[in-house]
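Visitor: I should like to take a close look at the salt bridges of this protein chain. Could you guide me through them in a connected way?

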Amino acid sequence: FGYSWTTEMGFRVCQHNKHYSSEEYSYRLRTFIQNKRKVEEHNSGQHSYRMGLNQFSDMTFSEFKKLYLLREPQNCSATRGNHVLSMGPYPDFVDWRTKGNYVTPVKNQGGCGSCWTFSTTGCLESAIAIKTGKLLSLAEQQLVDCAGAYKNHGCNGGLPSQAFEYIKYNGGLEAEKDYPYTAQDQHCQYQPNKAVAFVKEVVNITQYDENGIVDAVARLNPVSIAFEVTDDFFQYEGGVYSNSNCDSTPDKVNHAVLAVGYGVQNGTKYWIVKNSWGPEWGLNGYFYIIRGKNMCGLAACPSYPIPLL
């Protein structure tokens, strides 16, 4: 399996904080080389997005999937939502990151399928900040540990709409600093007197109504969405992601994220999306994905909360 000294150096740089035994080192290096070939092959073709080596490039997609994606299928559909559409018109470009201090820095879920909790906190953090001017950082770990009665499964997955329901009926969510994130399932340690964020109403946008997401993001706040991640996404580096091989139905979604805006580039409409794989991944932790085609099921189960202030 031929590789050069520079490949090995690249491998060490990408995996700077990982320590392997000598047997595992050669397996990881082989995996890295396979991923590197895949990236080079992709980037030499005509695609709307670029791939690049990153902190996940020493893993096979099946290993990555077990650690970072929803392990239980989440059938999330609200076939008829309760979001009330306005008639528009909508601006061509919206980005809540630049409208004010409305979006918290990109967080990192670590090796736990808790993306749904980050999509939830991100959405509620922004909704509260837009209404009050106060940007809080909220506790994902409380959702991992305590929201099980609402069809959520901690590190094995869950859905933002179900997490908003939990926050609404549970009586609140603590701040990140009071209930810190550990990336593992624990016993619930929620203290009601420490709750700082509350949900008045949970809004589901009608299944596959991507225009409803545009309406909500343009007029109100970022929106929680979920989609199917396949093996070409985890090494995304930039550009507008699209994929002709992913599924678009609610039973296949395996990753929840946050749409913080949208735009159009050379005639291509796209969403601006906040991920929870740390700021080193993608475009400083964000990615762009094709808008208007229910790409990989991103319009299968959008939701957002109306905060109780």
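Guide: The account below begins with the whole chain, turns to the salt bridges, and ends with one strand residue.

The model is a predicted one. Its protein chain has eight helices and 11 strands. The radius of gyration is 19 Å, close to the 19 Å that the globule rule gives for 309 residues, so the chain is as compact as a globular protein of that length. Along its principal axes, the C-alpha trace spans about 60 × 50 × 35 Å. Of the 309 residues, 54% count as buried. The chain exposes about 13700 Å², and carbon and sulfur atoms supply 50% of that area. Among contacts between residues at least 6 apart in sequence, 76% join residues at least 24 apart.

Now to the charges. The protein chain carries 28 positive and 29 negative side chains, and the centres of the two sets lie 4 Å apart. The count of salt bridges comes to 13.

One of these salt bridges joins the side chains of E63 and R28, with 2.8 Å from N to O. This pair links distant parts of the chain, for E63 belongs to helix α3 (residues 61-68) and R28 to helix α2 (residues 22-43), 35 residues apart. R28 has a relative accessibility of 11%, and it counts as buried because the limit for that class is under 20%.

A second salt bridge is formed by R50 and E237, whose closest N and O atoms are 3.9 Å apart. Here too, distant parts of the chain are linked: R50 is in strand β1 (residues 49-51) and E237 in strand β7 (residues 236-241), 187 residues apart. R50 is partly exposed, with a relative accessible area of 42%. E237 is likewise counted as partly exposed, at 35% relative accessibility.

A third salt bridge brings together the side chains of R219 and D215, at 2.8 Å from N to O. Both residues lie in helix α8 (residues 210-219), where they are four residues apart, about one turn of the helix. Is each partner buried or partly exposed? R219 is partly exposed, its relative accessible area being 39%, whereas D215 is buried at 0% relative accessibility. Salt bridges can also share partners, and in this chain such sharing joins K107, E125, E140 and E176 into one network.

Helix α8 itself deserves a further look. It is mostly covered, since eight of its 10 residues are buried. The buried residues include E210, G212, I213 and V214, together with D215, A216, V217 and A218. D215, the salt-bridge partner of R219, is thus one of the buried residues of this helix.

Finally, consider a residue in a strand. V257 lies in strand β8 (residues 255-265) and is buried, with a relative accessible area of 2%. Which residues does V257 touch, not counting those up to four places away in sequence? V257 touches S119, V223, S224, I225 and F227, and also V273, K274, N275 and F287. In addition, the C-alpha atoms of V257 and W116 are separated by 7.1 Å, although these two residues are 141 residues apart along the chain.

Definitions and conventions:
Residues numbered from 1 in each chain as written. Predicted model: local features only at pLDDT ≥ 70, side-chain atom pairs only at ≥ 80, totals over all residues. Heavy atoms only, no water. Helix = DSSP H or I, 4+ residues; strand = E, 2+ residues; numbered from the N terminus. Rg over C-alpha atoms; globule rule 2.2 N^0.38 Å. Buried < 20%, exposed > 50% of the residue type's maximum accessible area, 1.4 Å probe, protein only. Contact = heavy atoms within 4.5 Å. Areas by Shrake-Rupley, 256 points an atom, 1.4 Å probe, with all protein chains shown as cover. Lys, Arg positive; Asp, Glu negative; His and termini not counted. Charge placed at Lys NZ, Arg CZ, Asp CG, Glu CD. Salt bridge = Lys/Arg side-chain N within 4 Å of Asp/Glu carboxyl O.
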